[in-house]
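Q: Could you take me on a close look at one part of this protein, the largest pocket? I would like to know what lines the largest pocket and which helices supply the lining.

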Amino acid sequence: MQLTINPETIKGFLHPDEGARLYDLAADAARRGPCLEVGSYCGRSTLYLGTACRKHEQLLYAVDHHRGSEEHQLGEEYHDADLYDAAAGRMDSFREFRRNMDAAGLSDTVVPIVASSPVAARHWNTPLSLVFIDGGHSEAAALADYRSWSTAIASGGFLAIHDIFPDPADGGQAPWHIYQLAMASGLFEPLTSTLTLGVLRRC
Ligand SMILES: C[S@@+](CC[C@H](N)C(=O)[O-])C[C@H]1O[C@@H](n2cnc3c(N)ncnc32)[C@H](O)[C@@H]1O
(Lines give C-alpha, C1' and ligand atoms only; values in the text may rest on other atoms or scores of the structure.)
Protein backbone atom coordinates (compact mmCIF):
# COMPACT_ATOMS: atom_id res chain seq x y z
CA MET A 1 0.00 0.00 0.00
CA GLN A 2 1.54 3.29 -1.09
CA LEU A 3 -0.26 6.42 0.12
CA THR A 4 0.73 9.79 -1.32
CA ILE A 5 0.29 11.59 2.01
CA ASN A 6 0.58 10.51 5.64
CA PRO A 7 -2.92 9.59 6.92
CA GLU A 8 -1.98 10.93 10.34
CA THR A 9 -1.87 14.44 8.83
CA ILE A 10 -5.62 14.14 8.15
CA LYS A 11 -7.92 14.81 11.10
CA GLY A 12 -9.95 11.68 11.72
CA PHE A 13 -10.86 8.66 13.76
CA LEU A 14 -9.61 5.67 11.82
CA HIS A 15 -6.83 3.41 13.20
CA PRO A 16 -4.01 2.67 10.69
CA ASP A 17 -4.81 -1.08 10.80
CA GLU A 18 -8.43 -0.34 9.93
CA GLY A 19 -7.25 1.94 7.13
CA ALA A 20 -4.98 -0.79 5.75
CA ARG A 21 -7.91 -3.23 5.79
CA LEU A 22 -10.11 -0.75 3.94
CA TYR A 23 -7.35 -0.35 1.36
CA ASP A 24 -7.14 -4.14 0.85
CA LEU A 25 -10.92 -4.50 0.54
CA ALA A 26 -11.17 -1.63 -1.94
CA ALA A 27 -8.19 -2.90 -3.96
CA ASP A 28 -10.11 -6.15 -4.45
CA ALA A 29 -13.56 -4.57 -4.92
CA ALA A 30 -12.52 -1.80 -7.31
CA ARG A 31 -11.71 -4.36 -10.01
CA ARG A 32 -15.46 -5.04 -10.22
CA GLY A 33 -17.12 -1.64 -9.76
CA PRO A 34 -17.21 1.69 -7.92
CA CYS A 35 -16.99 2.00 -4.12
CA LEU A 36 -18.85 4.34 -1.77
CA GLU A 37 -18.31 5.62 1.75
CA VAL A 38 -20.77 7.35 4.07
CA GLY A 39 -18.97 9.69 6.47
CA SER A 40 -15.75 11.15 5.05
CA TYR A 41 -15.13 13.94 7.58
CA CYS A 42 -11.70 15.31 6.58
CA GLY A 43 -10.86 12.37 4.35
CA ARG A 44 -8.75 9.90 6.30
CA SER A 45 -10.77 6.79 5.33
CA THR A 46 -11.21 8.37 1.88
CA LEU A 47 -7.42 8.42 1.46
CA TYR A 48 -7.16 4.65 1.98
CA LEU A 49 -10.22 3.75 -0.10
CA GLY A 50 -9.50 6.30 -2.82
CA THR A 51 -5.87 5.25 -3.25
CA ALA A 52 -7.00 1.66 -3.85
CA CYS A 53 -9.68 2.83 -6.30
CA ARG A 54 -7.21 4.96 -8.23
CA LYS A 55 -4.98 1.91 -8.73
CA HIS A 56 -7.82 0.35 -10.78
CA GLU A 57 -8.94 3.63 -12.39
CA GLN A 58 -12.16 3.24 -10.44
CA LEU A 59 -14.31 5.84 -8.65
CA LEU A 60 -15.02 6.33 -4.96
CA TYR A 61 -18.23 8.19 -4.06
CA ALA A 62 -17.73 10.04 -0.77
CA VAL A 63 -21.05 10.94 0.89
CA ASP A 64 -21.02 13.48 3.74
CA HIS A 65 -23.08 16.58 4.43
CA HIS A 66 -19.93 17.90 6.15
CA ARG A 67 -22.01 19.36 8.99
CA GLY A 68 -20.56 16.89 11.50
CA SER A 69 -22.16 14.14 13.54
CA GLU A 70 -23.76 14.64 16.95
CA GLU A 71 -20.38 14.40 18.74
CA HIS A 72 -18.73 17.07 16.51
CA GLN A 73 -21.16 19.87 17.30
CA LEU A 74 -20.19 22.94 19.33
CA GLY A 75 -19.70 21.95 22.98
CA GLU A 76 -19.63 18.19 22.25
CA GLU A 77 -16.76 15.81 22.99
CA TYR A 78 -15.21 15.68 19.49
CA HIS A 79 -15.82 19.28 18.45
CA ASP A 80 -12.90 20.74 16.47
CA ALA A 81 -12.88 24.52 16.45
CA ASP A 82 -10.81 24.57 13.21
CA LEU A 83 -13.76 23.06 11.39
CA TYR A 84 -16.37 25.44 12.75
CA ASP A 85 -17.76 28.05 10.36
CA ALA A 86 -18.55 30.82 12.82
CA ALA A 87 -20.28 33.00 10.21
CA ALA A 88 -22.68 30.20 9.35
CA GLY A 89 -22.82 28.94 12.94
CA ARG A 90 -22.25 25.38 11.72
CA MET A 91 -19.58 22.77 11.27
CA ASP A 92 -18.05 22.58 7.80
CA SER A 93 -15.43 19.93 7.10
CA PHE A 94 -15.74 20.14 3.31
CA ARG A 95 -12.99 22.71 2.72
CA GLU A 96 -10.53 20.62 4.73
CA PHE A 97 -11.73 17.46 2.95
CA ARG A 98 -11.17 18.96 -0.50
CA ARG A 99 -7.75 20.31 0.51
CA ASN A 100 -6.71 16.82 1.62
CA MET A 101 -8.02 15.16 -1.55
CA ASP A 102 -6.09 17.67 -3.67
CA ALA A 103 -2.93 17.05 -1.62
CA ALA A 104 -3.35 13.29 -2.06
CA GLY A 105 -3.89 13.60 -5.82
CA LEU A 106 -7.31 11.98 -5.53
CA SER A 107 -9.50 14.69 -7.05
CA ASP A 108 -10.14 12.64 -10.22
CA THR A 109 -10.91 9.49 -8.22
CA VAL A 110 -13.06 10.71 -5.34
CA VAL A 111 -16.50 12.10 -6.18
CA PRO A 112 -17.73 14.10 -3.18
CA ILE A 113 -21.48 14.01 -2.62
CA VAL A 114 -22.20 16.81 -0.16
CA ALA A 115 -25.62 15.74 1.05
CA SER A 116 -27.22 13.73 3.79
CA SER A 117 -26.92 10.02 3.21
CA PRO A 118 -30.63 9.19 2.67
CA VAL A 119 -30.99 12.12 0.25
CA ALA A 120 -27.95 10.98 -1.75
CA ALA A 121 -29.38 7.46 -1.88
CA ARG A 122 -32.88 8.44 -2.98
CA HIS A 123 -32.40 7.86 -6.73
CA TRP A 124 -29.24 5.77 -6.54
CA ASN A 125 -29.19 2.84 -8.98
CA THR A 126 -25.50 2.12 -9.56
CA PRO A 127 -24.32 -1.27 -8.25
CA LEU A 128 -21.46 -0.87 -5.76
CA SER A 129 -18.56 -3.22 -5.08
CA LEU A 130 -17.97 -1.83 -1.56
CA VAL A 131 -19.90 0.30 0.92
CA PHE A 132 -18.17 1.68 4.00
CA ILE A 133 -20.51 3.09 6.68
CA ASP A 134 -19.02 5.60 9.12
CA GLY A 135 -21.66 8.33 9.26
CA GLY A 136 -23.91 9.34 12.15
CA HIS A 137 -23.82 6.96 15.09
CA SER A 138 -27.35 7.46 16.42
CA GLU A 139 -29.66 4.48 15.97
CA ALA A 140 -31.74 6.40 13.43
CA ALA A 141 -28.75 7.56 11.37
CA ALA A 142 -27.03 4.18 11.30
CA LEU A 143 -30.26 2.42 10.37
CA ALA A 144 -30.92 4.93 7.59
CA ASP A 145 -27.41 4.36 6.23
CA TYR A 146 -27.82 0.60 6.30
CA ARG A 147 -31.24 0.74 4.63
CA SER A 148 -30.09 3.33 2.09
CA TRP A 149 -26.97 1.61 0.85
CA SER A 150 -26.87 -2.11 1.67
CA THR A 151 -29.30 -2.87 -1.18
CA ALA A 152 -26.90 -1.27 -3.71
CA ILE A 153 -24.09 -3.73 -2.97
CA ALA A 154 -23.57 -6.17 -5.82
CA SER A 155 -23.18 -9.89 -5.20
CA GLY A 156 -19.64 -10.52 -3.93
CA GLY A 157 -19.31 -6.89 -2.79
CA PHE A 158 -18.26 -5.78 0.68
CA LEU A 159 -20.11 -4.00 3.47
CA ALA A 160 -17.71 -2.50 6.04
CA ILE A 161 -19.00 -0.81 9.20
CA HIS A 162 -16.85 1.26 11.54
CA ASP A 163 -17.05 1.43 15.35
CA ILE A 164 -18.44 -2.02 16.06
CA PHE A 165 -18.57 -2.50 19.83
CA PRO A 166 -20.41 -5.68 20.85
CA ASP A 167 -19.92 -4.73 24.53
CA PRO A 168 -21.88 -1.53 25.40
CA ALA A 169 -19.14 -0.70 27.92
CA ASP A 170 -16.76 -0.09 25.00
CA GLY A 171 -18.88 2.25 22.88
CA GLY A 172 -22.16 3.16 21.18
CA GLN A 173 -24.29 0.31 19.90
CA ALA A 174 -25.83 1.58 16.66
CA PRO A 175 -23.10 0.33 14.28
CA TRP A 176 -23.17 -3.07 16.02
CA HIS A 177 -26.94 -3.18 15.62
CA ILE A 178 -26.80 -2.63 11.85
CA TYR A 179 -24.02 -5.23 11.61
CA GLN A 180 -26.40 -7.67 13.33
CA LEU A 181 -29.22 -6.64 10.97
CA ALA A 182 -27.01 -7.43 7.98
CA MET A 183 -26.21 -10.84 9.47
CA ALA A 184 -29.86 -11.59 10.22
CA SER A 185 -30.89 -10.62 6.68
CA GLY A 186 -29.26 -13.75 5.30
CA LEU A 187 -27.86 -11.59 2.49
CA PHE A 188 -24.35 -11.26 3.93
CA GLU A 189 -21.66 -13.55 5.25
CA PRO A 190 -19.23 -12.31 7.91
CA LEU A 191 -15.53 -11.91 7.17
CA THR A 192 -12.76 -11.30 9.69
CA SER A 193 -13.05 -7.98 11.53
CA THR A 194 -10.12 -5.58 12.03
CA LEU A 195 -10.25 -3.84 15.42
CA THR A 196 -13.64 -2.03 15.32
CA LEU A 197 -14.11 -2.49 11.57
CA GLY A 198 -16.77 -5.12 10.87
CA VAL A 199 -16.69 -6.62 7.38
CA LEU A 200 -19.31 -8.66 5.53
CA ARG A 201 -19.65 -9.94 1.98
CA ARG A 202 -22.87 -9.83 -0.05
CA CYS A 203 -23.88 -13.38 -1.00
C1 LIG B 1 -16.95 9.69 12.34
S2 LIG B 1 -16.96 10.90 11.09
C3 LIG B 1 -16.22 10.03 9.72
C4 LIG B 1 -14.75 9.75 9.93
C5 LIG B 1 -13.99 9.36 8.70
N6 LIG B 1 -14.52 8.17 8.08
C7 LIG B 1 -12.51 9.20 9.03
O8 LIG B 1 -11.88 8.25 8.53
O9 LIG B 1 -11.96 10.02 9.74
C10 LIG B 1 -18.65 10.94 10.65
C11 LIG B 1 -19.00 11.84 9.47
O12 LIG B 1 -20.33 11.50 9.08
C13 LIG B 1 -20.97 12.66 8.64
N14 LIG B 1 -22.42 12.41 8.77
C15 LIG B 1 -23.13 12.19 9.90
N16 LIG B 1 -24.41 11.95 9.62
C17 LIG B 1 -24.54 12.04 8.27
C18 LIG B 1 -25.63 11.91 7.35
N19 LIG B 1 -26.87 11.61 7.78
N20 LIG B 1 -25.40 12.07 6.04
C21 LIG B 1 -24.15 12.38 5.60
N22 LIG B 1 -23.08 12.50 6.42
C23 LIG B 1 -23.26 12.33 7.73
C24 LIG B 1 -20.47 13.76 9.52
O25 LIG B 1 -20.60 15.02 8.88
C26 LIG B 1 -19.02 13.32 9.76
O27 LIG B 1 -18.15 13.99 8.90
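**A look at the largest pocket**

A: Let's begin with confidence: in the protein chain, strand β3 (residues 84-85) has the lowest, at a mean of 96, and strand β2 (residues 60-63) the highest, at 99. That score is pLDDT, the predictor's confidence in each residue, from 0 to 100; helices (H or I, at least four residues) and strands (E, at least two) are DSSP runs, numbered from the N terminus. This is a predicted model, where local features need pLDDT of at least 70, side-chain atom pairs count only at pLDDT 80 or more, and totals for chains, interfaces and linings use all residues. Residues are numbered from 1 along each chain as its sequence is written, and side-chain values use heavy atoms, with hydrogens and water left out.

Now to the pocket itself. The largest one has a volume of about 630 Å³, the space filled by probe spheres set on grid points joined across faces, edges and corners. Here a pocket is, on a 1 Å grid over the protein atoms alone, an open set of points where a 1.4 Å probe fits, with protein on both sides within 12 Å along at least five of seven lines; lining residues have an atom within 4 Å of a point. Of its 33 lining residues, Ser-69, His-72, Asp-134, Gly-135 and Gly-136 are the closest to the centre. By class, the lining has 10 nonpolar, 15 polar and eight charged residues (Ala, Val, Leu, Ile, Met, Phe, Trp, Tyr, Cys and Pro count as nonpolar, Asp, Glu, Lys and Arg as charged, and the others, Gly among them, as polar).

As for your helices, α2 (44-55), α4 (117-121) and α5 each supply at least two lining residues, with the largest share, three residues, coming from α5.
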